[in-house]
Amino acid sequence: MDDLWKIRLKKQMTVAQLSARAGIPARLLHEYEEGARSVPMRNLEAIAKALYVDVMDIKALSDPIPANLTDEVRPPRRAAEDEPQRPAAPPAARPSEPRSAPPYGGRERPPRREPRGPSKARESQVQHLLSLAQLFEWDQAALEREMGTPLAQLDRMEASRWLKVLQERIVTERPKGAKKRRPYLPESVDAFELHYLQDRQDTEKPLDFVLFNGDKLTGRVIGFGPYNITVVTPDGAEVTLNKLAIAYYTGEE
Amino acid sequence: MSLGDYLRYLRAVHGGESTQDIATKLGLPSPWPINEIEQRYRDCGDNELVARLAEYYGVPVEEMQWRRRRSRKALTAFLSEAQDNAHTIVLVLRNEERLIGTVEWFDMGAILLKPLDDEKRDIMVQRHIVDDWEMA
């Protein structure tokens with residue numbers, strides 16, 4: 001996990017280029033790079049895509065760019081260069097006010113807002129983590145032990161990372177609670193029939209085919225694909241049947 | 001057989017014309033609505049289009065509407081329920097043959113039926129030949 005500006009430099013990309021690719025204003029990217037604000041997940045995904053890296057590779061809140069690197073990372077004319085040209089601002093609403101009026105109307109400059117830390121994990125993320133934990137037969141305490149962080153202190157990035165980790169573990173470890181569910185809609189896959197045919201081919205048990213037009217044929221499977229089945233009939237003839245021509249076929253267990 | 005499968009079948013037996021050709025003949029600006037009916041697993045298409053297609057192919061519009069209710073998704077839902085509850089089902093094929101048995105499994109292309117009268121045999125029914133279905 002690295003600072004956004006470091007990754008951008010590694011990819012030899014300017015802020016303007018990243019802005020154009022990610023569709024995020026350059027000004028906002030500067031703020032992210034300077035650590036003035038954390039990158040929300042939606043923008044993080046767009047930036048990761050534009051930089052060809054994983055979301056998890058980018059820190060949500062970058063460390064500020066070191067002063068000695070500033071010029072290298074950010075050209076001096078950055079604002080004018082990175083942002084699209086805008087029409088000149090309309091004249092001031094109060095023409096009586098002199099142009100040289102001090103900023104903030106002579107008042108003291110307001111203090112700069114402290115950079116916001118990563119956002120707290122969403123309720124939906126927490127609920128999702130708890131539901132995945134159930135598949136491992138963990139209660140909340142066990143889940144927190146596993147993560148090393150109480151759920152209440154989890155931020156969005158960490159929650160996202162743990163969701164990914166648990167989902168991968170469900171696939172690899174197949175915990176007891178995780179039933180292998182048939183994908184219901186859209187309509188599953190066509191693998192079952194192919195497995196059946198593979199078994200028939202391996203065991204060389206013959207199948208009796210009934211075709212769409214009522215013809216019948218018996219043969220041993222010697223090859224098949226998603227759209228056809230090739231059989232050898234008892235008299236040694238090799239026949240390839242288009243599946244669309246088949247009504248059904250039967251075989252002994 | 002779903003309406004989509006049936007339309008593809010009708011198109012094939014009418015010389016295999018393209019959906020673009022049919023759309024042009026029906027005065028549709030695009031073949032997209034016909035493609036949608038043919039390709040989607042769920043019920044789609046509006047009544048007017050279905051009626052115009054029925055007229056074009058010279059088949060009763062009632063049959064078209066009947067098939068709309070027998071989409072691939074509807075068959076999937078039926079098979080799933082039958083498999084989960086070990087129900088005995090009847091599959092009525094396009095050749096009017098009736099197969100009775102329990103569902104071992106099914107996928108996108110076929111259904112493995114265990115017939116009631118011969119449990120030592122499997123019947124692999126191709127989905128495209130299934131015309132209708134019901135619980136036994």
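**Figure 1. Burial and fold order in chain B of the predicted model.** Of the 136 residues in chain B, 31% are buried. The secondary structure of this chain comprises six helices and five strands. Along the sequence, chain B reads α-α-α-α-α-α-β-β-β-β-β. Contacts in chain B between residues at least 6 apart in sequence include 49% that join residues at least 24 apart.

**Figure 2. Helix α10 of chain A, end to end.** Helix α10(A) covers residues 191–203. Its 13 residues, at 1.5 Å a residue, should span 18 Å. The C-alpha atoms at its ends lie 18 Å apart, so the expected span and the model agree. Glu204(A) follows α10(A) and has a positive phi, near 60 degrees.

**Figure 3. The two sides of α10(A), one with buried residues and the other with exposed ones.** Phe192(A), Glu193(A), Tyr196(A) and Arg200(A) are buried in this helix. They cover an arc of only 95 degrees around the axis, and therefore sit on the same side of α10(A). Ala191(A), His195(A) and Asp202(A) are exposed on the other side of α10(A).

**Figure 4. Packing partners of α10(A) from chains A and B.** The buried residues of α10(A) pack against strands of both chains. From chain A come β1 (207–211), β2 (216–224) and β5 (246–252). Chain B supplies β2 (98–106), β3 (110–115) and β4 (121–126). Among the residues of α10(A) that are buried are Phe192(A) and Tyr196(A).

**Figure 5. The hairpin of β1(A) and β2(A).** These two strands pair in the antiparallel sense, over four bridges. Phe209(A) has Leu217(A) of β2(A) as its bridge partner. Four residues lie between the strands of this hairpin. In the turn, Gly214(A) has a positive phi of about 95 degrees. Both β1(A) and β2(A) also serve as packing partners for the buried residues of α10(A).

**Figure 6. The hairpin of β2(A) and β3(A).** Strand β3(A) covers residues 228–232. β2(A) and β3(A) run antiparallel and are joined by four bridges. Phe224(A) stands opposite Ile229(A) of β3(A). Three residues lie between the two strands of this hairpin. β2(A) thus takes part in two hairpins, with β1(A) and with β3(A). In a regular strand, side chains alternate between the two faces of the sheet.

Terms used:
Residues numbered from 1 in each chain as written. Chains lettered and ligands numbered in written order. Predicted model: local features only at pLDDT ≥ 70, side-chain atom pairs only at ≥ 80, totals over all residues. Expected span 1.5 Å × (residues − 1). Buried ≥ 20, exposed ≤ 12 C-beta atoms within 10 Å, placed from the backbone. Arc of directions from axis to C-beta. Contact = placed C-beta atoms within 7 Å. Pairing = 2+ DSSP bridges.
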